[in-house]
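User: Hi! I'd like to go through this structure with you and see how its labels are arrived at. Could you take me through the reasoning?

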Amino acid sequence: MLPPAVAELGLTVHPVASEAGQEAAARALARRMLAGGLKPWELTFRIHQRYGHELPLTERLAELDDEYAMLECGDGTVDQVDAAVTAEARRLAAQPRVPTEPTDVSG
């Protein structure tokens, strides 16, 4: 019953463990942060915790989480890392979503 309802709504559902599912979840978290639902450090923490440095799409966010942890030892500021996280979240959120069905561009 769920697949036809999802298709009728024009939504895409990816298996949770698939790379496409992980990328969709990461984009949703990025949009949530941009909407004010998460702080930048919360986004990087969640991404790093879930995917580590293994998911190519979110590698930069994992690196930025490491930067938050190293702020005491370096010369960067929280505001600088927050700005980099926001820029990366915008990049992720701007990526096109995968359509539910292949698009015929020949016709």
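User: How near do the axes of α2 and α5 come, and at what angle do they cross?

Analyst: Happy to help! Please keep in mind that this is a predicted model. The axes of α2 and α5 come within 8 Å, and they cross at roughly 125°.

User: Why are α2 and α5 called oblique to each other?

Analyst: Angles of 65 to 115 degrees count as roughly perpendicular, those over 145 as roughly antiparallel, those under 35 as roughly parallel, and the rest as oblique. The axes cross at roughly 125°, and α2 and α5 are therefore oblique to each other. The crossing is left-handed.

User: Which residues make that contact?

Analyst: From α2 come Arg27, Ala30, Arg31, Met33 and Leu34, and from α5 come Val85, Thr86, Ala89, Arg90, Leu92 and Ala93. By class, that gives seven nonpolar, three charged and one polar.

User: What makes arginine 27 count as buried?

Analyst: The cut-off for buried is under 20% relative accessible area. Arginine 27 has 12% relative accessibility, so it counts as buried. This residue is found in helix α2. Leaving out residues up to four places away in sequence, arginine 27 touches Leu57, Leu92 and Gln95.

User: And why is glutamate 88 called buried?

Analyst: The reasoning runs along similar lines. Glutamate 88 has a relative accessibility of 11%, so it counts as buried, given that buried means under 20%. Its place is in helix α5. Apart from neighbours within four places in sequence, glutamate 88 is in contact with Leu57, Arg60 and Leu61.

User: Which other residues of α5 are buried, and what do the buried ones pack against?

Analyst: Besides Glu88, the buried residues in α5 are Val81, Val85, Thr86, Ala89 and Leu92. The buried residues of α5 pack against α2 (19-34), α3 (40-51) and α4 (59-70).

User: How do you know that the length of α5 agrees with what a helix should span?

Analyst: Helix α5 covers residues 78-94, which is 17 residues. At 1.5 Å a residue, these should span 24 Å, and the end C-alpha atoms are 24 Å apart, so the two agree.

User: How many helices and strands does the protein have, and what percentage of its residues count as buried?

Analyst: There are five helices and zero strands, which read along the sequence as α-α-α-α-α. Of the 107 residues, 29% count as buried. As for contacts with a separation of 6 or more, 51% are between residues 24 or more positions apart.

Note on methods
Residues numbered from 1 in each chain as written. Predicted model: local features only at pLDDT ≥ 70, side-chain atom pairs only at ≥ 80, totals over all residues. Heavy atoms only, no water. Helix = DSSP H or I, 4+ residues; strand = E, 2+ residues; numbered from the N terminus. Expected span 1.5 Å × (residues − 1). Buried < 20%, exposed > 50% of the residue type's maximum accessible area, 1.4 Å probe, protein only. Contact = heavy atoms within 4.5 Å. Axes fitted to C-alpha atoms, helices over the stretch in contact; angles between N-to-C directions. Left-handed = near helix turned anticlockwise from the far one by under 90°. Nonpolar A, V, L, I, M, F, W, Y, C, P; charged D, E, K, R; others polar.
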